[in-house]
Amino acid sequence: MDNLAVTQEVKPPNTKKGPVKWLKDNLLNTWYNAVLTCFALVFLFLVFQGVFTWVFTQAKWQVIPAYLQVFLTGPYPKEQIWQIWIVLCTLSVLLGLSAGIWHGLVFKLSIAIASIGLISLLIPLEIVNSIASIDLTFLFVPLEFVNKKIETEPGTLEFNLNIIHLIFFKRRWLLGSLVLLVVTFFLGRNKHVLKQWVIGGWILSFPWTMIMLHGFGENTVSTTNWGGLLLTLILATVGIVACFPLGVLLALGRRSQLPAIKWVSTIYIETVRGVPLITILFIGNIILPIFMPGDFQLDKVIRAMIGLTLFSAAYMAENVRGGLQAVPQGQVEAAQAVGLTYPKTMLFIVLPQALRSVIPAIVGQFIALFKDTSLVYIIPLFDLLGATKSVLGNPKWQGLQAEVYLFVAVIYFAFTYAMSSVSQKIEADLGVGKH
Amino acid sequence: MTENENITNDPIIICEDIHKWFDDFHVLKGITTTFKKGEKAVICGPSGSGKSTFIRTINRLEEHQRGTIIVDGIELSNDLRNINLIRQEVGMVFQQFNLFPHLTNIKNITLGPIQVRKMSKRAAEEAALALLERMGIADQAYKYPSEVSGGQQQRVAIARALAMEPKIMLFDEPTSALDPEMISEVLDVMRELAHSGMTMLVVTHEMGFAREVADRVMFFDEGVVVEEAAPADFFDNPQHDRTKLFISQTLQH
């Protein structure tokens, strides 16, 4: 009865490793690897020592809080900042409701956004600024808090009062947005009847944002005064949201059996891909207005949006086409055999499979678009990078380039990294590569 | 041979002089035949003989270039509405299953009824579960196709076709991509379906199935129907040399 013994459960060999074993296996397994490891350690130590010394003792970070408003909103007038906050409050409400209704990814995303908001709320930037050793008033900083220095020591009653004043008064809008986010999350929890309303709200949030930022009557803010991170985010969001459907249509068009549609799509894609973005922005800004009838002038920001969208759609189309080619013909046949029409076959069968196989390429395209928005400085518009440049363009601030550009780089990185991780979560949720 | 009590005299598919070319290659060279309501026809022949192409013309997965096909009283033409009407009445099962990998098994089945037949989601799901029960795989409803065996996938595919409540079922080599031990579970389901009175056109190499279930066996070679007969005559008393050779080759193993 040897067979019985064979069927007994045999445990797999123990492959768990402790940290010491890991070190031995991976870093010190031969004498030359041990030498390389030592060199690498010395190298890393020197690099980090340099970076840390600069970041913590030499860099003049005071410029960041002093110019925070310029980085975030560019030349947007200070008196109208509340219009931006109204928009952010609206988006908080929508995000809170969505997180409550859909859970999952939206919920994780709102947690991340809420955490960033909470940290921003609690960091006493102004106080850091005032207790810093360098007197910043020589910068003629256009923000009131530098003129009104808060000379308090941490731990005292006055310091605490200042914190309270800071959070509940000076940052009341940020506090309000966070409270709205949390409250609407609890209001929206499992209210599936609200689904359509929230989707409608998201769609309407775009014109609402445009109207609120622009304002009306005496509160009008010309779009040439939109800037900073605000403008970067608007351009990127509009570009991403608009280029996606356009790209899908172009991709389907290029594979169409109708010659007219096929050739129009192909010519469009190849032409636009053959032209640098900067040229398209120039054409939109300088050449297009010449052909516009009469006094009609398309807004500069809108022209930039159109340019970015049209440019990005061509690349998007090719990404999507790659995905379409990966869907076997049998899938289309099976859908047709069930009686699905062409649009429904595409919508329910082909596109879901095509798109999920090219998520990495599409997100790469989105990230590129996000960073490409910085090219609008040639129009000129003062997006995050443009606003930064305009600050540094003043000879008085020379020598602070490193701090400012590093800060801007961190902002760009934060947003692109967020896009990347969201896409990886989406892939995991969809079970890409599994079924 | 079994006498089919379900077969009627009403024609449901009428094919007249069907021709089809792939570029210069003449795949179908004038097929003329009529299938009756409730009839089970098994189509066999060597690969490249046009048998798959023939059944694919019946639901317009392939366009015929000459001749007429009338399915359930509707003539197949370039009119998209007619094509879609016919496709609703004709279910198809593929060699490679062609299940939708991004949808669960039950959603594979309910998609057609919901989107094409405008059935409510709930009614479609109930019907789908009943079909899966009939296929013997009710417990696989909420898995993805990649998570079940080949035989189970093909049964989901059959359920998907049946969910549209078609009048005709086309099978294009339904067991050719299956491991041997899974062939019988699919054939059992097809046998059961045959007894329920469904009109079936089956392209297959399963000669045992043909002998047992078919009312008529059609032998295709080089784009023409070389011979067609009831299974007893076809297998025991073939008329043409080509048929004799084919039968001797397929029955050898």
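This tour moves through a predicted model of two chains, A and B, from the overall layout to single residues.

**Chain A as a whole**

Begin by selecting chain A and colouring it by secondary structure, which comes to 21 helices and one strand. Of its 435 residues, 39% count as buried. Among contacts in chain A between residues at least 6 apart in sequence, 77% join residues at least 24 apart.

**The two domains of chain A**

Next, colour residues 68-220 of chain A as domain 1 and residues 222-429 as domain 2, following the domain assignment. Where these parts meet, 20 residues of domain 1 are in contact with 25 residues of domain 2. The area buried between the two domains is about 1,900 Å², and carbon and sulfur atoms give 80% of that area.

**The largest nonpolar core**

Now show the side chains of Tyr76(A), Leu213(A), Trp226(A), Ile234(A), Leu235(A), Val320(A) and Leu324(A), which have the most contacts inside the largest nonpolar core, a set of 51 residues. Among the elements that give two or more residues to this core are helix H6 (81-102), helix H12 (195-214), helix H13 (228-254) and helix H16 (300-325) of chain A. Domain 1 and domain 2 of chain A both give residues to the core, so the core lies between them. In soluble globular proteins, nonpolar side chains tend to be buried together.

Centre the view on Ile234(A). Leaving out residues up to four places away in sequence, Ile234(A) touches Met210(A), Leu213(A), Trp226(A) and Met305(A). Apart from this core lies another, of 46 residues, and its members include Val93(B), Ile183(B), Leu187(B) and Phe219(B).

**Two buried residues: Val350(A) and Ser312(A)**

Select Val350(A), which lies in helix H18 of chain A. With a relative accessible area of 4%, Val350(A) is buried. Beyond its neighbours within four places in sequence, its contacts are Leu324(A), Val327(A), Val332(A) and Thr345(A). Draw a distance from Val350(A) to Leu324(A): the two are 26 residues apart in sequence, and their C-alpha atoms are 6.9 Å apart in space.

Move on to Ser312(A), in helix H16 of chain A. Ser312(A) counts as buried, at 1% relative accessibility. Cys243(A), Gln365(A) and Leu369(A) are in contact with Ser312(A), its neighbours within four places in sequence being left aside.

**Helices H11 and H7 of chain A**

Select residues 172-188 of chain A to see helix H11, whose 17 residues reach 24 Å from the first C-alpha to the last, close to the 24 Å expected at 1.5 Å a residue. The buried residues of H11(A) are Leu174(A), Ser177(A), Leu178(A), Leu181(A), Thr184(A), Phe185(A) and Gly188(A). These residues cover an arc of only 135° around the axis, which puts them on the same side of H11(A). What covers them includes H6 and helix H7 (104-122) of chain A. After H11(A) comes Asn190(A), whose phi is positive, near 60°.

Turn to H7(A) itself. Its 19 residues should span 27 Å at 1.5 Å a residue, and the end C-alpha atoms are indeed 27 Å apart. Ser110(A), Gly117(A) and Leu121(A) are buried in H7(A). Seen down the axis, the buried residues fall within an arc of 40°, so they line one face of the helix. Ile116(A) and Ile119(A), on the other side of H7(A), are exposed.

**Where chain A meets chain B**

Display both chains. The contact takes 19 residues from chain A and 24 residues from chain B. Between them the chains bury about 1,900 Å², 61% of it on carbon and sulfur atoms. On the chain A side, select Ala337(A), Val338(A) and His435(A): these lose the most area to chain B, together 31% of what that side buries.

**Backbone details**

Most residues other than glycine have a negative phi, and most peptide bonds are trans. The last stops depart from this pattern.

- Select Ile379(A) and Pro380(A), which are joined by a cis peptide bond with omega about 5°. Pro380(A) is in the loop between H19 and strand S1 (382-383) of chain A.
- Select Asn98(B), which is not a glycine yet has a positive phi of about 55°. Asn98(B) lies in the loop between strand S6 (90-93) and helix H3 (105-115) of chain B, and is buried, with a relative accessible area of 12%.
- Select Lys118(B), another residue that is not a glycine, with a positive phi of about 60°. Lys118(B) lies in the loop between H3 and helix H4 (121-135) of chain B, and is exposed, with a relative accessible area of 60%.

Notes
Residues are numbered from 1 along each chain as its sequence is written. Chains are lettered from A and ligands numbered from 1 in the order in which they are written. This is a predicted model: local features need pLDDT of at least 70, side-chain atom pairs count only at pLDDT 80 or more; totals for chains, interfaces and linings use all residues. Side-chain values use heavy atoms; hydrogens and water are left out. A nonpolar core is a set of buried Ala, Val, Leu, Ile, Met, Phe, Trp, Tyr and Cys residues joined through side-chain atoms within 4.5 Å. Buried means under 20% relative accessible area, exposed over 50%, partly exposed in between (1.4 Å probe, protein chains only). Helices (H or I, at least four residues) and strands (E, at least two) are DSSP runs, numbered from the N terminus. Domain bounds come from an automatic or database domain assignment. Contact means heavy atoms within 4.5 Å. The expected span of a helix is 1.5 Å times one less than its number of residues. The arc is that of the directions from the helix axis to the C-beta atoms. Buried area is the accessible area (1.4 Å probe) that two parts lose on being put together, summed over both.
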